[in-house]
Amino acid sequence: MESASRQTVQPISETAESYVGLSARDASGAVRSAQEPVPQALSVVIMAAGKGTRMKSTRPKVLHRLAGRALLAHVVGTAAQLLPRQMVVITGHGAIEVEAALAVLIRAGDQFDAKNLSCVRQEPQLGTGHAVQQAVPVLPDDGVCLVLNGDVPLIQADTLQALVASCGADKLALLTVVMPDATGYGRIVRSGNAVQAIVEHKDASAALREIREIYTGVMAVPNRLLKPWLARLSNDNTQNEFYLTDIVKFAVVDGVSVVAQQTTDTAQVDGVNSPVQLAQLERTHQLRQAHALMEAGVRLTDPARFDLRADSRGTCELVCAQDVEIDLGCIFEGRVSLGQGARIGAHCIIANARIEAGAVIHPFSHIDGEVLGVQVGQGAMVGPFARLRPGAHLGEDVHIGNFVEVKNSTLAQGAKANHLTYLGDATVGERVNIGAGTITANYDGANKHRTVIEADVHIGSNSVLVAPVTIGAGGTVGAGSVVTKSTPPGALTVVRGKTVGVEGWIRPVKR
C-alpha cells in the first residue's frame with residue numbers, strides 16, 4: 001500500500017445529529033431477512049468515500065435519500081440481514097457527516113446489532129483498490145469479505161447471500177449483470193466460462209467494449225486471499241488509480257477460481273451518480289412496493305403515483321388489511337396501519353398513524369403522528385384538507401372536516417368538528433358538535449393547558465375556549481363566545497357583548 005495514504009479507525013459518535021435511520025421491513029410490513037445466515041464468518045466492507053461530483057450537491061452522495069432513507073442506510077440495512085460479524089464503512093469525502101449519519105443509524109435501527117459497525121477513512125481517494133486497502137488493518141485473516149458500494153441502494157440480501165455462497169472459502173466471486181449499454185462499466189473478460197479479467201471501460205479496447213456483461217462493483221473473497229492481492233495493486237493505468245478489479249488477474253495467476261454470479265435484476269445493482277439516476281431508482285423502488293401491495297390485495301388507483309418512505313427515524317412500514325383503497329398521489333411515511341375497508345383519498349400524506357376499519361380519509365389531508373402517533377377510529381371521516389398532528393386520537397364515527405386541525409386531543413365516539421377549527425390539548429366527549437371557527441386556546445405564552453368538553457355539548461361557531469376550562473355535559477356555548485371559566489352541566493353559556501345598532505349611521509367615503 002502507499003505509504004502516503006492515511007488510514008484511521010473512526011469510532012462512531014453518539015452525539016451526531018439525525019441524518020438517517022434504518023428499517024428492515026418491506027412494503028407489506030413483514031420483516032425482511034436473509035433466509036439463512038451466511039455459513040462463513042463474514043466481514044462486510046462498504047465503500048462510501050466518493051464525492052459524487054455529478055450530484056452537484058454539498059451533501060455527500062451516500063447521504064442523498066431514496067424513499068426517505070439515505071442511500072448508505074439502505075446498503076447497511078441489507079448487509080445487516082446477513083448477520084455479519086463486522087461491517088466496515090470506508091469514508092472520505094464528507095467523512096464527518098457520513099460518520100455522524102451512521103451514529104444515528106445505529107441508535108435508530110432496532111433490526112440489527114450494530115456494535116461491530118466501524119469506519120475507516122480513505123484520504124486521499126486514489127481508487128477502489130486503495131479504498132479497500134484502508135480496511136485491511138481491521139479485517140481478520142479468516143472468513144470472507146463482501147465488498148459493497150454505498151451508492152447502490154436496492155441490492156437485496158438473497159442476491160448477496162448467493163454471491164457469498166458461490167465464493168465458498170476458496171474462490172473469488174463477482175456479481176455481474178448483462179447491460180444493454182455497458183458504457184462506463186468494467187467488462188467481464190472470459191475464457192470459456194472462466195473469468196480471466198475485468199477491464200475498466202477507459203482502459204478497454206474497441207473489441208472489449210463490445211462485451212455487455214459487466215462487473216457490478218460487488219464481490220466476495222476470502223480474507224486470506226484478499227489481503228496479499230491488495231498489497232500487489234499498482235496504479236499503472238490511464239487514471240493512475242488503484243483498481244480493486246485488478247485482483248482478478250492476481251487470482252488467475254495464482255490459480256484461484258474466479259466465478260461470476262449473474263443477476264438479471266439491473267435495478268439491484270444500479271448506482272446513483274446524478275439526480276436523474278436517483279429519481280429513476282426512486283420510481284423503480286416505489287413501483288415495486290406498489291406492486292407488492294396490489295398483489296396482497298390493496299387497490300391502488302395508480303401505482304405510478306404512490307410513495308412509501310421512511311420517516312426521520314428510518315421506520316418504513318405500511319400494513320394493509322383487506323379491501324383497502326388508496327387513491328393517486330398518496331405518500332405514506334414511517335409506520336402506518338390501514339384497517340379493513342379503509343379508503344384514502346387522493347394526495348393525502350399519512351405518517352405514523354393507525355387508521356381503523358371503514359375509516360375514510362378524504363383528499364388532501366395531512367396526518368403525521370411523529371412519535372406520539374395518530375389514531376383514527378372505525379368509520380371515522382377526515383377531511384378534505386384536514387390536519388391531524390401527534391397525539392390526535394379519534395374514536396368511532398368521529399367527523400373531522402375541511403380545514404380542521406387536531407393536536408394532542410381525544411375525540412370520543414360520534415364527535416364532530418366539520419369546519420375551520422383548531423383542537424389542541426383537548427378531551428372531547430361523545431356526540432359533541434363543534435361549530436365552525438372554534439378554537440381551544442391551549443397556550444398562555446408559557447405553558448400548555450387542557451380543555452375538556454364533556455359528552456353531548458354543542459359549541460357554537462366562532463367560539464374560543466380558553467384553557468384550562470371544562471364545558472359540562474349537555475351544555476351549549478353560544479356562537480361567538482369567549483369562555484374563560486368552566487361551565488356546569490346542561491347550561492347555556494353566552495359570553496359576548498350586546499348587539500348595538502346605530503340607525504342613520506353613514507359609512508365614511510374616500511375624499
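These notebook entries set down what I looked up in a predicted model, element by element.

**Entry: strand S6 and its partner**

I began with strand S6, residues 117-121, and found it mostly covered, with five of its five residues buried. I then looked at which way the side chains go: Leu-117, Cys-119 and Arg-121 point one way from S6, while Ser-118 and Val-120 point the other way, and all are buried. For the pairing, I noted that strand S5, residues 86-91, runs parallel to S6 and is joined to it by five bridges. Following Thr-91 across to S6, I arrived at Arg-121 as its bridge partner.

**Entry: cysteines**

Cys-119 in particular made me ask how many disulfides a search of the whole structure finds. The search finds zero. For Cys-119 the reason is distance, because the closest cysteine sulfur, in Cys-145, lies 15 Å from its own, too far for a bond. I also recorded that Cys-119 is buried, its relative accessible area being 0%. Cys-330 is likewise in no disulfide, and the nearest cysteine sulfur to it, that of Cys-348, is 5.0 Å away. With a cut-off of 2.5 Å between the sulfur atoms, I leave that pair unbonded in my notes, as Cys-330 is in no disulfide. Cys-330 is buried, with a relative accessible area of 1%.

**Entry: strand S19 and the strands around it**

Next I turned to strand S19, residues 349-355, where five of the seven residues are buried, so the strand is largely enclosed by the rest of the structure. I traced its pairings one at a time:

- Strand S17, residues 330-338, pairs with S19 in the parallel sense over six bridges, and Glu-333 stands opposite Ala-351 in S19.
- Strand S21, residues 366-368, runs parallel to S19 and is joined to it by three bridges, with Ile-350 standing opposite Ile-367 in S21.
- Strand S22, residues 374-376, is also joined to S19 by three bridges in a parallel run, and here Arg-354 stands opposite Gln-375 in S22.

**Entry: the sheet of eleven strands**

I then followed an open sheet of eleven strands with parallel pairing, whose order I wrote down as S13-S16-S18-S20-S23-S26-S29-S32-S35-S38-S40. Strand S13 (299-300) and strand S40 (492-493) stand at its edges with a single partner strand each, so one side of each is left without a neighbour in the sheet. As a sample from within that order, I checked strand S20, residues 360-361, against strand S23, residues 381-382, and found two bridges between them in the parallel sense. In that pair, Ile-361 stands opposite Val-382 in S23.

**Entry: helix H5**

For helix H5, residues 223-231, I listed the buried residues, which are Asn-223, Leu-225, Leu-226, Lys-227, Trp-229 and Leu-230. I wanted to know what covers the buried residues of H5. The cover includes strands S2 (42-48), S7 (144-149), S8 (172-178) and S11 (213-222), together with helices H3 (128-133) and H6 (247-253).

**Entry: the largest pocket**

I looked up the largest pocket and took its space as about 1600 Å³. Its lining comprises 47 residues, and those nearest its centre are Lys-61, Thr-128, Asn-149, Asp-151 and Asn-273. S2, H3, S11 and helix H8 (275-295) are the elements that each give two or more residues to that lining. Sorted by class, the lining of the largest pocket holds 17 nonpolar, 22 polar and eight charged residues.

**Entry: two single residues**

Where does Gly-490 have its place? I found Gly-490 in the loop between strand S39 (482-483) and S40, and its relative accessible area of 54% makes it exposed. Leaving aside neighbours within four places in sequence, Gly-490 is in contact with Gly-472, Ala-473, Gly-474 and Gly-475. Its C-alpha atom is separated by 59 Å from that of Leu-63, with the two positions 427 residues apart along the chain counted as their separation.

Last, I looked at Val-319, which is found in strand S15, residues 316-320. Val-319 is partly exposed, with a relative accessible area of 32%. From Val-319 to Lys-485 I noted 44 Å in space, C-alpha to C-alpha, and 166 residues apart in sequence.

Conventions. Residues are numbered from 1 along each chain as its sequence is written. This is a predicted model: local features need pLDDT of at least 70, side-chain atom pairs count only at pLDDT 80 or more; totals for chains, interfaces and linings use all residues. Side-chain values use heavy atoms; hydrogens and water are left out. Buried means under 20% relative accessible area, exposed over 50%, partly exposed in between (1.4 Å probe, protein chains only). Helices (H or I, at least four residues) and strands (E, at least two) are DSSP runs, numbered from the N terminus. Two strands pair if DSSP finds at least two bridges between them. Contact means heavy atoms within 4.5 Å. On a 1 Å grid over the protein atoms alone, a cavity is a set of points where a 1.4 Å probe fits but cannot get out, and a pocket is an open set with protein on both sides within 12 Å along at least five of seven lines; lining residues have an atom within 4 Å of a point. Grid points are joined across faces, edges and corners, and a volume is the space filled by probe spheres set on the points. Ala, Val, Leu, Ile, Met, Phe, Trp, Tyr, Cys and Pro count as nonpolar, Asp, Glu, Lys and Arg as charged, and the others, Gly among them, as polar.
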